[in-house]
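Trainee: I'd like to learn how to read a model like this one, feature by feature. Where do we begin?

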Amino acid sequence: MAKKGKNKEIISGTSRLIRWIFSILLLLFTSITIFVLISTLLNSFKTKANILNDTFGWPQSFSLDSYVEIFKKDHFGRYFLNSIILTACGTTGCVLLAALTAFGIARYEFKGKPLLTSYFLFGMMFPIQVSVLPLFIILKKLALLNKLPGMILVYASGISLSVYIFQKFFRTVPMALDESARLDGASEFRIFAQIILPLCKPVISTVALITAVSEWNDFYMPMVLLGGKNVRTLPLAIYNYLNEFIKYMNVSFAAVMITLVPIIIIYFLFSNQLVEGITGGAVKG
């Protein structure tokens, strides 16, 4: 008994040490992130001369000239709208398509089901760069290259991770709900839309938030598939500013802040739903 108690103390001490190490690393990472965010925010209110003289200090006088310049002299309002359209439509399409697909896989038995499940799992393993050339050719043949609708279709089709999350949750919902609805004469789509879908609001929030953040910050796919200036997104606009950072120094910081604010707001509004959606399936399963 004494030996077991001693082993337990050793394991407990090791676990405590690991927990402390991770806590310190997370605290360090969080501190660096907060410092960078605050510095970026303060620099966005500075003049170019003030940034060069005192990069990490307090602004000599708070100025909104950078924000005014970015909207007046450039088409930043259009880029902002393009990003909103792509993110909103792409996220909506991805959530709906993933939910329908996962519902079919989780609730029905059919030939090739294991193969289909593996197909979506493999989709999470391959980098997005692998699909760029086929997507480029397909969109060009459909006359959707350099157009927002084509990019929306690309975003809406990226459902591998979303299908996996929905599928894990749908398996925790009792099949008795479906059977009772069928006895009452409900169609399969009505069962999905009016019974199953309302139960998975936390999962919808989780998938929507993960997808929206990914699409909002996406740089690679718009760079390849959206070459026109009129359909440029915020990450592409920021990249152009950073190419001439010395010339657009103060404007670059303002552009970064405009890009960050919507994501920060959305995260804080839906952070509880995110945690609930991620842990819900594990607790029920």
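Mentor: Let's begin with burial: buried means under 20% relative accessible area, exposed over 50%, and partly exposed in between, with a 1.4 Å probe and protein chains only. Keep in mind that this is a predicted model, where local features need pLDDT of at least 70, side-chain atom pairs count only at pLDDT 80 or more, and totals for chains, interfaces and linings use all residues. Residues are numbered from 1 along each chain as its sequence is written, and side-chain values use heavy atoms, with hydrogens and water left out.

Trainee: Let me try one. Is glutamine 167 buried or exposed?

Mentor: Glutamine 167 counts as buried, because its relative accessibility is 5%. Glutamine 167 is found in helix α8; helices here are DSSP runs (H or I, at least four residues), as strands are (E, at least two), numbered from the N terminus.

Trainee: And what does glutamine 167 touch?

Mentor: Contact means heavy atoms within 4.5 Å. Not counting residues up to four places away in sequence, glutamine 167 touches Ala102, Ile105, Ala106 and Thr117.

Trainee: Next, cores. Which residues have the most contacts inside the largest nonpolar core?

Mentor: A nonpolar core is a set of buried Ala, Val, Leu, Ile, Met, Phe, Trp, Tyr and Cys residues joined through side-chain atoms within 4.5 Å. The largest one here has 23 residues, and Val163, Phe166 and Phe170 have the most contacts inside it. At least two residues of this core come from each of α4 (76-107), α8 (160-170), α10 (188-199) and α11 (201-216). The largest share is from α4, with eight residues.

Trainee: What is phenylalanine 166 in contact with?

Mentor: Set aside its neighbours within four places in sequence, and the partners of phenylalanine 166 are Val95, Ala98, Ala99, Ala102, Cys200, Val203, Ile204 and Val207. Apart from that core lies another, of 16 residues, including Trp216, Ala237, Ile238 and Ile258.

Trainee: Now the empty space. How do I tell a cavity from a pocket?

Mentor: Both are worked out on a 1 Å grid over the protein atoms alone: a cavity is a set of points where a 1.4 Å probe fits but cannot get out, while a pocket is an open set with protein on both sides within 12 Å along at least five of seven lines. Lining residues have an atom within 4 Å of a point. Grid points are joined across faces, edges and corners, and a volume is the space filled by probe spheres set on the points.

Trainee: How many cavities of 30 Å³ or more are there?

Mentor: The count comes to one. About 40 Å³ of space lies in the largest cavity, and its lining includes Ser83, Leu86, Thr87, Tyr155, Glu215 and Trp216. The elements giving two or more residues to that lining are α4 and α11, with the largest share, three residues, from α4. For classes, Ala, Val, Leu, Ile, Met, Phe, Trp, Tyr, Cys and Pro count as nonpolar, Asp, Glu, Lys and Arg as charged, and the others, Gly among them, as polar. By class, this lining has five nonpolar, three polar and two charged residues.

Trainee: And the largest pocket: which residues are closest to its centre?

Mentor: The largest pocket holds about 960 Å³ of space. Of its 28 lining residues, Gly123, Ile128, Gly158, Ile159 and Ser160 are the closest to its centre. Two or more lining residues come from each of α5 (113-123), α7, α8 and α11, and α11 gives the most, with five. The lining divides into 18 nonpolar, eight polar and two charged residues.

Trainee: What about backbone angles? Where is alanine 143 found?

Mentor: Alanine 143 is found in the loop between α6 (132-141) and α7. Alanine 143 has a positive phi of about 60 degrees although it is not a glycine. Asparagine 146, found in the loop between α6 and α7, also has a positive phi, near 65 degrees.

Trainee: Last one: how far do I trust the coordinates?

Mentor: Look at pLDDT, the predictor's confidence in each residue, from 0 to 100. Where pLDDT is low, the predicted coordinates should not be read in detail. The chain averages a pLDDT of 84, and 90% of the residues score at least 70. Among the elements, helix α14 (residues 249-284) has the lowest mean pLDDT (73) and helix α7 (residues 148-156) the highest (94). Over residues 1-9 pLDDT stays under 50, and the model has zero contacts for them beyond four places in sequence. Over residues 281-285 pLDDT also stays under 50, with four such contacts.
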